[in-house]
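Biologist: Could you take me on a close look at a single helix in this model? I would like to know how its faces are arranged and what lies around it.

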Amino acid sequence: MYPLQTLHTFGLHACAQEIEYIHSLAQAKKMLNNLAGRSYYILGEGSNTVFLEDFTGSVLKVAIKGIALQEHPEHYELHVGAGENWHELVEWCLDRDINGFENLALIPGTVGAAPIQNIGAYGVEIEQFIQSVEYLCLLTGELKSLSREECQFGYRDSIFKQQLAGKFIIGMVKFRLAKRWQANAEYAELKALDNPSAKQIFAKVVEVRQAKLPDPKKVGNAGSFFKNPIIPIVLYQNLLQRFTSLPSYPVDKQHVKVPAAWLIDKLGFKGKYIGGIHCHASQPLVLTNNGSGTGEDLLSLAKQIKQAVKHEFSIELENEVQLVSNSGLVNV
Ligand code: FAD
Ligand code: EPU
């Protein structure tokens, strides 16, 4: 058995039957016959994955490397291996005055995982820079490419979490970054910046994130545990009668998004412990592991939160993290 504790940022004690490193999609293609009938889990840096217990299958860790840069008159094109670290790519670009990724600084994980949930923070989502995503189809062994439109990006969502779920390994992502850059400093914490450069936005985002979110190198966590729920405006208006300060962000004519952190905070979960699992004191949407937590403790706290939110606000929280049990993915 192979220990997984250091391969997922939540850090629960769990093992897999086998771990294989994938260095290219050609290598992955050769492995496909061996995978038939076996259970496996494709892993980047494990910052959105929690192994709740021992996994009776193989973990395929994507380690496909390489960054290629092409310069065009109006834009840069980047071809980046799925196993590259996201934050290092952000720094690599800023060092070369290639701007655009700065709002997404310090998001843990790999480049290959970024399009799957359309990583987003501080007013920017990765979809706006994606030109295409190259992947191996696990059903047919074909190498395929999807354009940005074909990826069907949404809030923490894409075709990879829907129709293609479980059927692909991403090998490379192609990005397009315009040379003409405009700051995106609309998010509350960035608004105070006066005509900021990309590097100033980067520095501010890093500062805010370090103040608010626990560092997974020190305290086990997987970032936001639940998604921010998108609810009908009618429900929002009903809730406002009881909870006059409930914040909302516009989505479309019929829906708004509400911060799950606010709902969880209101219910008094902030700071609550079950065993070694903690509802983080400065960001209650983040659950943490003090080192002695178990999958059972985590599910138990997550279920309590989910049930309380449903009971009080009639809102169904959905997990944002991927929870892996002994035989595969589960929900709270
Ligand atoms: P993993 O956890 O390894 O995998 C995530 C999913 O992608 C799994 O389903 C896995 O099977 C699949 N997968 C991974 N790589 C591949 C591949 N190459 N091919 C096929 N499938 C693959 N996210 C945000 O959007 N915004 C944030 O601000 C943010 N902040 C965070 C802060 C902290 C402290 C932490 C711990 C996490 C945060 N996250 C955030 C979540 C996380 O960083 C992202 O989801 C990230 O993209 C996960 O990358 P990973 O390589 O660690 O993915
Ligand atoms: N809030 C409270 N109490 C708290 C903290 C927050 O009520 O203790 C309320 C406040 O109203 C605040 C709101 O929650 O304005 C939103 O909080 P915050 O700005 O910290 O962001 P979030 O909605 O909780 C989302 C993402 C983060 C991303 C930040 C910044 C999701 C699920 N989470 O968090 O992504 O970094 O915005 O853009 O969309 C992740 O996905 O892992 C992640 C960390």
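Modeller: Happy to; here is a walk along helix α2, with a short stop at the ligand afterwards. Please keep in mind that this is a predicted model.

Helix α2 covers residues 86-95, and its buried residues are Trp86, His87, Leu89, Val90, Cys93 and Leu94. Looking down the axis of α2, you would find these buried residues within an arc of 160°, so they line one face of the helix. That fits the usual geometry: an α-helix has 3.6 residues a turn, so residues three or four places apart point the same way. The other side of α2 holds Glu88 and Asp95, both exposed.

What does the buried face of α2 pack against? Its partners are the strands β6 (67-71), β7 (75-81) and β12, together with the helix α3 (198-212).

The two ends of α2 deserve a look as well. At its start, Asn85 has a side-chain oxygen that comes within 3.1 Å of the backbone nitrogen of His87. After the helix comes Asp97, with a positive phi near 55°.

Now for the ligand. Gln117 has a side-chain N or O atom 2.7 Å from an oxygen atom of ligand 1, and a polar side-chain atom of Thr49 is 2.8 Å from a ligand oxygen. The elements giving two or more residues to the shell around ligand 1 are β3 (40-43), β8 (120-121), β12 (168-178) and β13 (220-224). Strand β12 is thus a link in our tour: it belongs to that list, and the buried residues of α2 pack against it.

How values were computed: Residues are numbered from 1 along each chain as its sequence is written. Chains are lettered from A and ligands numbered from 1 in the order in which they are written. This is a predicted model: local features need pLDDT of at least 70, side-chain atom pairs count only at pLDDT 80 or more; totals for chains, interfaces and linings use all residues. Side-chain values use heavy atoms; hydrogens and water are left out. A polar contact is a pair of N or O atoms within 3.5 Å; within protein, one must be able to donate a hydrogen and the other to accept it, and residues adjacent in sequence count only if both atoms are side-chain atoms. Helices (H or I, at least four residues) and strands (E, at least two) are DSSP runs, numbered from the N terminus. Buried means under 20% relative accessible area, exposed over 50%, partly exposed in between (1.4 Å probe, protein chains only). The arc is that of the directions from the helix axis to the C-beta atoms. Contact means heavy atoms within 4.5 Å.
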